[in-house]
Amino acid sequence: MASVTFRDVRKAFGSVEVLHGVSIDIEEGQFVVLVGPSGCGKSTLLRMLAGLEHITAGEILIGDRVVNALPPKERDIAMVFQNYALYPHITVAENMGFSLKLKGVSKKEIESLVSPAAEMLGLSHLLDRYPRQLSGGQRQRVAMGRAIVRKPQVFLFDEPLSNLDAKLRVSMRTEIKNLHQRLKTTTVYVTHDQIEAMTMADKIVVMHDGIVAQVGAPLDLYDRPENLFVAGFIGSPAMNMVTGTLDANDRNIFVTGDGQRLPIAEPGNAEPGREMIYGVRPEHFQLGGDTTLRVEVVEPTGSETHVVAFLGETEVVCVFRERISAGPGDELKVTIDAGSVHLFDAREGDRLSV
């Protein structure tokens, strides 16, 4: 395994620059997820690391070696694609060992590498089948097995679970994480799904419009987002955001544009008169209190109840562990956990110290 370093990496397609000086340090053995909406540059960055896209400026290092000019086969990486990229006319075993065969590795050695990888992935009984005879999850395991047998320094995953159904995505997330814990190989994983990022990553890189919005451990990003984009992107349901200012006479009260008064435990460097965004996550509402919500929709999920409601004129989402009997149009009294509130500058979008 090896570290991966991006140093002021830029990418332009003609006159259009899509990556604007990306710098990321990935330590040996880390599982790092690049996450962001479509068009943010995450897949382009991964393809540049793989050698499938030209680097316009900057440097990419695998270990201590700058790989900008190296072809993919000399980078000692293995990539798992969204569409599996299996050869339909050869068996599972032959697919898994194909890259080794191209390198001239003996048949006996290929078998010695394919067999334990197949056992690790639960594919031993499928080695004689063809890709068309497999389910989507089994095909993705074969693609992963093909990467494993190469014993690369770095694994690259490009949205590998996007073609799977919801239940299978959950189980495959667990399998990939377990695989990383066994092999300890440096892994760079691209997804647009922030739940995948939160549950799988040692470190998350949140990307937005070709720049890095924030880097950190999953719960660090969740608990202390540095800007409005990260605050709104990380977390499901998303953070609720209300515009307003601090009360001129009481800095522990936030006054919304429509006159709602909301609590703040510690306003930090926020100043009265400055237009701000008040952020509160759905689980930080508790039943009972002085704040009134007007219920719009109630969504029971079993273990939780999601409530879409209006706080004054602003729509918010609340998540309660309790089961409630309220219906559309009813009033619901709640308390906001003031110690979990986030404040952001409304103009620049940066987090304010609280």
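**View 1. Lysine side chains over phenylalanine rings in the predicted model.** In this predicted model, the charged end of Lys-11 is placed over the ring of Phe-13, at 4.8 Å from the centre of that ring. A further lysine, Lys-177, lies over the face of Phe-31, where the distance to the ring centre is 5.3 Å. Phe-31 also takes part in ring pairs, which link it with Phe-155, Phe-157 and Tyr-189 into a cluster.

**View 2. The tilted ring pair of Tyr-87 and Phe-98.** A search of the whole structure yields 6 aromatic pairs. In the pair formed by Tyr-87 and Phe-98, the ring centres are 4.7 Å apart and the planes meet at 55°, so the pair is classed as tilted. Distant parts of the chain are linked by this pair, with Tyr-87 in the loop between strand E6 (77-80) and helix H2 (92-102), and Phe-98, 11 residues apart from Tyr-87, in helix H2 itself. Tyr-87 is partly exposed, having a relative accessible area of 36%, and Phe-98 is likewise partly exposed, with a value of 25%; Phe-98 does not count as buried, because that term is kept for residues under 20% relative accessible area.

**View 3. Tyr-189 and its surroundings.** Tyr-189 belongs to the aromatic cluster that ring pairs build from Phe-31, Phe-155, Phe-157 and Tyr-189. When residues up to four places away in sequence are not counted, Tyr-189 touches Phe-31, Val-32, Val-33, Leu-34, Phe-157, Pro-160, Leu-161, Ile-176, Glu-196 and Met-200.

**View 4. The nonpolar cores.** The largest nonpolar core holds 45 residues, of which Met-96, Met-144, Ile-176, Tyr-189, Ile-204 and Val-206 touch the most other members. Helix H4, spanning residues 136-148, makes the greatest contribution to this core, with 5 residues. Separate from it is a second core of 29 residues, whose members include Val-4, Leu-45, Leu-46 and Ile-55.

**View 5. The whole protein, as context for the close-up views.** The protein contains 8 helices and 19 strands, and its C-alpha atoms fill a box of roughly 80 × 45 × 35 Å along the principal axes. Of its 354 residues, 48% count as buried, while the accessible surface comes to about 16,600 Å², with 47% of that area belonging to carbon and sulfur atoms. Among the contacts between residues at least 6 apart in sequence, 65% join residues that are at least 24 apart.

Conventions:
Residues numbered from 1 in each chain as written. Predicted model: local features only at pLDDT ≥ 70, side-chain atom pairs only at ≥ 80, totals over all residues. Heavy atoms only, no water. Phe/Tyr/Trp six-rings, centres within 6.5 Å; stacked < 30°, edge-to-face > 60°. Helix = DSSP H or I, 4+ residues; strand = E, 2+ residues; numbered from the N terminus. Buried < 20%, exposed > 50% of the residue type's maximum accessible area, 1.4 Å probe, protein only. Lys NZ or Arg CZ within 6 Å of the ring centre and 35° of its normal. Core = buried A, V, L, I, M, F, W, Y, C linked by side-chain atoms within 4.5 Å. Contact = heavy atoms within 4.5 Å. Areas by Shrake-Rupley, 256 points an atom, 1.4 Å probe, with all protein chains shown as cover.
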